[in-house]
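Student: Could you take me through one part of this protein up close? I'd like the parallel sheet and whatever connects to it.

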Amino acid sequence: FGLLYVGLQARPNPIGAGVLVLDLDGTVVEQPSAPDTAELLAGGQRLREFGLRELVAALDEARDDDRVKAVALDLDGFLGGGQTALGDLGAALDRLRKAGKPVLAYAAGYSDDGYQLAAHASEVWMHPLGAVVIAGPGAQRLYYKGLLDKLGVTANVYRVGTYKAAVEPFTRSDMSPEARENYQALAGALLETWREDVRKARPAAAIDGYMRNPVAAMDASGGDLGKAALAARLVDKLGERRAFEARLAELGGEDRGQQGGYKSIELGDYLADAVDLTPNGPIGIVTVAGEIVDGKARLGTAGGDSIAQAIEKGLRDDGLKALVVRVDSPGGSVLASERIRQALLAARDRRIPVVVSMANVAASGGYWVSTAGDFVFAEPSTITGSIGVFGILPSFEGSMAKLGLGADGVKTTPLSGEPDIFHGPGPEADRLIQAGVNGVYRNFLAIVAQARRKSPAEIDRIAQGRVWDGGSARQLGLVDAFGGLDEAIAKAAELARLGDERGVRYLERPKSLTEQVLGMLAGQEESDSRPADALAALAPAPEWRLRAAIADLRSILSGPSIQVRCLECGPATPAPTPASGGERGFAEVLLGWLSR
């Protein structure tokens, strides 16, 4: 049944002339995650994920494809993708427009990520009752100290780094002054790179004045948010979806038999028909996306063994001449990060150059992996650094008292039964764990110092767990140059002396039959995150944000004891489905009891 299903679904529909539709109802990611059986059987909804690689490849192929008359960006339900990824996607749209192909964007309302992408369109459409609201970087994050106190859970924290704020949600109810200083500087830098991208893509838009005083812009238009955006030239047309579809029919041809009444080309059909998704060039591309975890993991999560084995398999192929490592990860396990780094160093030992391309985030463990590169590229909007180490061990002495439970036993050594989750770690265990954290930090400094040709003391001054934007990281010498994946590929070809050769291959585990079937089934069950109105578009999917925060809480409490991870860089993994199964930890059980 599985083979038959895959065969039927994998057969693309015939491609005719028309409008290539990018209905981005979800998020843009570096590597889409694969659903698992429990997720599917539980009947939970998943946010749709669109691979940046596939989107860019489709747009570049469409430039010279006479069948593609225009491209439509349907951004209703678009939940973002990070400044760096959207900058890459916007650049692909710019190349398409330069080739003479119109690009049209439509949404009920635009916020930061959606407008950054829409600004690269030749025509920006919006519903007459819609609005453009630019909030800029900056958001609230959850602090769990009060909740843990109510549950009687103690978060035993071990850390190194003045700015290692990943542990603060477990020890405080608000942001520390050091963390606030770091995040304010980072948010300011990211806002400036966002503005530069939008101003370059849409120079006629009065974006600065509109951002400074949106209420004045609204008042000048009689309280009409749509007209305010039109007056500021942020959008070109106000119209219902039917009017937008009529415009697409003008460009791509009318077809009353198709939804929308115009000749359309679905993204999946176009990828299957026109784009080579399994190239076999001499430059291998390794993707480190999502949380870095020990062992093997599904695509979308950076399993240390999975990635290292993919690299090692590639090295056994004599046709591999260079490696490009695309990093989009806030880090995670120390051992898994080192496992990947060692695999990359093995490639360098064989005189295969390694070039790193940082995407949205390459922090903590993501930066640890990046130190293996001969050359490191980042974008000004990349979030990197966070060179610090922490560990968290929960203990439940307060919970035991609340539940009337006791625990007792015997010891033969000071470390018997340690770490003691019922009474809290003993003093000997505390000292040993902190020493382990200190040792990992010293090793981290040494690795970075050797890679960046600086002393450990110099790195320590700019490390301390502080998070940097790509522009600051370049000034500090943490990266070598600005550039994206294309620049990294060109540099790898230069270092490997490949001349004009730019052919690539992707070193990643191929999807199994089970994963293909689950992916297709999940694609039919994925949630429709399309907003019901403009205001919903401005604050999309609050439920998913809450789930992501809870997922991070769960993963940090159940993860490795010592981690190189940047929680403040955003969620590392997609939120679980509401009905997903699996074993529950003690803290989660307590949370369930409390919520009854």
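Tutor: Here's a walk through that sheet, followed by the salt bridges and some antiparallel pairing elsewhere in the chain. Keep in mind that the model is predicted.

Let's start with the setting. The protein chain has 596 residues, and 53% of them count as buried. DSSP-wise you're looking at 25 helices and 22 strands. If you take contacts with a separation of 6 or more, 77% of them come from residues 24 or more positions apart. As for the outside, the accessible surface is about 26600 Å², with carbon and sulfur atoms making up 52% of it.

Now the sheet itself. It's an open one built from six strands with parallel pairing, and reading across it the order is S8-S6-S5-S4-S1-S9. At the edges sit strand S8 (237-238) and strand S9 (264-266), each of which pairs on one side only. Further in, strand S4 (residues 68-74) runs parallel to strand S5 (residues 103-107), and four bridges hold that pairing. To find the register, look at Asp 74, whose bridge partner in S5 is Tyr 106. Then there's helix H12 (residues 241-252), which packs on the sheet and touches strand S1 (18-23), S4, S5 and strand S6 (123-126). The direction of H12 makes about 165° with that of S5.

Just before S4 comes a loop worth a look. Arg 67 sits there, and its side chain meets that of Asp 273 in a salt bridge (3.0 Å, N to O). Asp 273 belongs to helix H13 (residues 267-274), while Arg 67 is in the loop between H3 and S4, so this pair ties together parts that are 206 residues apart in sequence. Both ends are partly exposed: Asp 273 has 40% relative accessibility, and Arg 67 has 26%.

Helix H3 brings a salt bridge of its own. Arg 53 and Glu 508 meet through their side chains at 3.5 Å, N to O. Here Arg 53 is in helix H3 (residues 52-62) and Glu 508 is in the loop between strand S21 (504-506) and helix H22 (513-525), so to speak a link between distant parts of the chain, 455 residues apart. Arg 53 counts as partly exposed at 21% relative accessibility, and so does Glu 508, with a relative accessible area of 27%.

A search of the whole structure finds 29 salt bridges, and for a contrast in sequence separation try Glu 192 and Arg 195, where the closest N and O atoms are 3.3 Å apart. These two are three residues apart in helix H8 (residues 177-201), which means about one helical turn between them. Glu 192 is partly exposed too, at 32% relative accessibility. Follow the shared partners and you get one network of salt bridges joining Glu 192, Arg 195, Glu 196, Arg 199 and Asp 208.

Finally, a look at antiparallel pairing, with strand S22 (residues 562-565) in view. S22 runs antiparallel to strand S14 (residues 331-333), with three bridges joining them; Gly 331 has Arg 565 as its bridge partner in S22. S22 also pairs with strand S18 (residues 389-395), again in the antiparallel sense, over two bridges. In that pairing, Gly 391 stands opposite Ile 562.

Key: Residues numbered from 1 in each chain as written. Predicted model: local features only at pLDDT ≥ 70, side-chain atom pairs only at ≥ 80, totals over all residues. Heavy atoms only, no water. Buried < 20%, exposed > 50% of the residue type's maximum accessible area, 1.4 Å probe, protein only. Contact = heavy atoms within 4.5 Å. Areas by Shrake-Rupley, 256 points an atom, 1.4 Å probe, with all protein chains shown as cover. Pairing = 2+ DSSP bridges. Axes fitted to C-alpha atoms, helices over the stretch in contact; angles between N-to-C directions. Salt bridge = Lys/Arg side-chain N within 4 Å of Asp/Glu carboxyl O.
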